[in-house]
Amino acid sequence: MMAWTSRGLRGSTLEEMINRTNEQYRDKHLALIQKVPTPITPIKIDKESRHITLAYFEKKSTVDYIGAVQGIPVCFDAKECKTDSFPLANIHEHQVTFMKDFEQQGGISFLLLYFTARDEYYYLRYETMKTFWDRGQNGGKKHFSYTELETSFFLPRTGSSVLVPYLNGIQKDLEIRDSKVD
């Protein structure tokens, strides 16, 4: 049984930035993306602050966010990375399966990575993530490095009115998909 403690708050800054971006996209009628709540059962609650201090996960969650962008189904998970090497252990098999199934239904799945030391956001296409995942599952490297990533999918920090402009990544992802159909 997995347990949740205060270390479960890792990524909360990234999550807050994505949530604010989602609000801006919604207000501009560009997208409707919702945070998927993680189902937990509280074990200990601090009586004074009324905060949960220990809980367990009721079931495996799928991804962090799900919704639609201009009629296109979208799901993604947000991950932080402190170094230039991202451990594949941070991606869970049930997430890969969900994202694959989502893609097979005509949706777009991706990881939104935040390289904290570099203060850079990256849109990792499902197809690319799956290549890294398969490599790790077949005895290869159990991580991927910053230098292996396609530079065109780093998200711009300037010139955007939103904090995490992941719609830029979706647009590039769609262009690649459309070019494969032609």
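**Exercise 1. Work out which elements the buried residues of helix 3 pack against.**

Step 1. Helix 3 covers residues 126-137; helices here are DSSP runs of H or I with at least four residues, strands are E runs of at least two, and both are numbered from the N terminus.

Step 2. Pick out the buried residues, meaning those under 20% relative accessible area (exposed is over 50%, partly exposed in between, with a 1.4 Å probe and protein chains only). They are Tyr126, Thr128, Met129, Phe132, Trp133 and Gly136.

Step 3. Look down the axis of helix 3: the buried residues fall within an arc of 165 degrees, so they line one face of the helix. That arc is taken from the directions from the helix axis to the C-beta atoms.

Step 4. Now find the partners, counting a contact when heavy atoms lie within 4.5 Å. The buried residues pack against helix 2 (93-104), strand 8, strand 9 and strand 10 (143-145).

A quick note on the model: it's predicted, so local features need pLDDT of at least 70 and side-chain atom pairs count only at pLDDT 80 or more, while totals for chains, interfaces and linings use all residues. Residues are numbered from 1 along each chain as its sequence is written, and side-chain values use heavy atoms, leaving out hydrogens and water.

**Exercise 2. Lay out the strand order of the open sheet, then find its edges.**

Step 1. The six strands come in the order 2-5-6-8-9-11, with mixed pairing. Two strands pair if DSSP finds at least two bridges between them.

Step 2. Strand 2 (31-35) and strand 11 (154-155) stand at the edges, each with a single partner strand, so one side of each lacks a neighbour in the sheet.

Step 3. Start from strand 2: five bridges tie it to strand 5 (residues 65-69), and the two run antiparallel. Ala31 has Val69 as its bridge partner, and Leu32 has Ala68.

Step 4. Carry on to strand 6, which runs antiparallel to strand 5 and is joined to it by five bridges. Here Ala68 has Pro73 as its bridge partner.

Step 5. Check the hairpin of strands 5 and 6: there are two residues between the strands, and Gln70 takes a positive phi near 50 degrees.

**Exercise 3. Decide whether Asn22 is buried or exposed, and list its contacts.**

Step 1. Asn22 sits in helix 1 (residues 12-27).

Step 2. Its relative accessibility is 6%, so Asn22 counts as buried.

Step 3. Skip the neighbours within four places in sequence, and Asn22 is in contact with Ile33, Tyr65 and Tyr166.

Conventions: The expected span of a helix is 1.5 Å times one less than its number of residues.
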